[in-house]
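Dear colleague,

I am handing over the structure below, together with some notes on what was found in it. Please read the notes with the structure open beside you.

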Amino acid sequence: TEVTKENGDTYPDYETLKDSVKDFFVNAPPYGEIYGANNLGTSIIPTGTNWTKATPFNANGLSNDVIVDHTTDSITINIPGVYIVSAVFSTAINVNNTTLDTAVFKNDVECKNLHGERLVVNANFISVNGLSGIVRCNEGDILDVRCKHNAGSNVTLSTKYSCLSIKYIGG
């Protein structure tokens, strides 16, 4: 039910408003994360321009209505809609003067709005790379992170901290 003010505006009555707020917190929208904490994990990124799945995650974080799985380094969507996707990595590679590209992929396709590039001048120097963007997802879509580089040989990617997270923002 609604309450009508003197100026003609209508508002939900107290009980309706209270139930709506309770419903919002009890039935939270989908969210989830996988992360690596003090991981010191390494991945070999082969030579060439092909993307290689990054595997820096060693724990599942909080989640609701998504499948988070650090063993497959991915998040699977259960509820279709629009999501904010964020990925942050504290990494180093073992080769000087190399460009390292990192991107979020959905169903093996690069999300063009979730792509970062950084020049690694000094080998084994840890620096941070962060990505954030909005992605429309369907039920069953799988999100993961991949890397590539421009060095002339294989590169070892060392990851100390990492996080891939999503939050539902609408239909």
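Two strands are said to pair if DSSP finds at least two bridges between them. By that rule strand E4, residues 41-45, pairs with E14, for 5 bridges join the two and they run antiparallel. One place to look for this pairing is Gly 41, which stands opposite Thr 159 in E14.

Before going further, please keep in mind that this is a predicted model. The protein chain averages a pLDDT of 90, and 96% of the residues score at least 70. Within the chain, confidence is highest in E8, at 98, and lowest in helix H1, residues 14-26, where the mean is 72. Where pLDDT is low, the predicted coordinates should not be read in detail.

Strand pairing around E14

E14 has further partners besides E4. Strand E3, which covers residues 31-36, is joined to E14 by 6 bridges, and these two strands run antiparallel; here Glu 33 stands opposite Ser 165 in E14. E9 also pairs with E14 in the antiparallel sense, over 12 bridges, and in this pairing Ile 93 is found opposite Leu 157 in E14.

The nonpolar core

The largest nonpolar core has 31 residues, and those with the most contacts inside it are Val 85, Val 104, Val 145, Leu 164 and Ile 166. Among the elements that give two or more residues to this core are strand E9 (81-93), strand E10 (98-106), strand E13 (142-149) and strand E14 (155-170).

Val 145 is a useful residue from which to view this region. Leaving out residues up to four places away in sequence, Val 145 touches Thr 52, Lys 53, Ala 54 and Phe 57, as well as Ala 87, Phe 89, Thr 102, Ala 103, Val 104 and Leu 164.

Ala 103, one of the residues that Val 145 touches, has its place in strand E10 and is buried, with a relative accessible area of 0%. If neighbours within four places in sequence are set aside, the residues in contact with Ala 103 include Trp 51, Leu 114, His 115 and Leu 131, and also Asp 144, Val 145 and Arg 146. As a distance to check on screen, the C-alpha atoms of Ala 103 and Ser 74, which are 29 residues apart along the chain, are separated by 13 Å.

Salt bridges

Side chains of opposite charge can pair when their charged atoms come close. The count comes to 4 salt bridges in this model.

In one of them the side chains of Asp 141 and Lys 106 meet, at 4.0 Å from N to O. This pair links distant parts of the chain, since Asp 141 is in the loop between E12 and E13 and Lys 106 is in strand E10, 35 residues apart. Asp 141 counts as buried, at 7% relative accessibility, whereas Lys 106, at 21%, counts as partly exposed.

Another salt bridge is formed by Arg 146 with Asp 108, whose closest N and O atoms are 2.5 Å apart. Arg 146 lies in strand E13 and Asp 108 in the loop between E10 and E11, so this pair ties together parts that are 38 residues apart in sequence. Arg 146 is buried, with a relative accessible area of 13%, while Asp 108 counts as exposed, at 58% relative accessibility.

Glu 110 forms a salt bridge with Lys 112, and here the closest N and O atoms are 3.4 Å apart. Glu 110 counts as buried at 16% relative accessibility, and Lys 112 is exposed, with a relative accessible area of 67%. Salt bridges that share partners also join Asp 108, Asp 144 and Arg 146 into one network.

Cysteines

How many disulfides does the structure hold? The structure holds 0 disulfides. Cys 147 is in no disulfide, and the nearest cysteine sulfur, that of Cys 111, is 14 Å away; Cys 147 counts as buried, at 3% relative accessibility. Why is Cys 163 without a bond to Cys 147? The sulfur of Cys 163 is 15 Å from the closest cysteine sulfur, in Cys 147, which is too far for a bond, because a disulfide needs the two sulfur atoms to be within 2.5 Å.

With best regards

How values were computed:
Residues numbered from 1 in each chain as written. Predicted model: local features only at pLDDT ≥ 70, side-chain atom pairs only at ≥ 80, totals over all residues. Heavy atoms only, no water. Core = buried A, V, L, I, M, F, W, Y, C linked by side-chain atoms within 4.5 Å. Buried < 20%, exposed > 50% of the residue type's maximum accessible area, 1.4 Å probe, protein only. Helix = DSSP H or I, 4+ residues; strand = E, 2+ residues; numbered from the N terminus. Contact = heavy atoms within 4.5 Å. pLDDT = per-residue confidence, 0-100.
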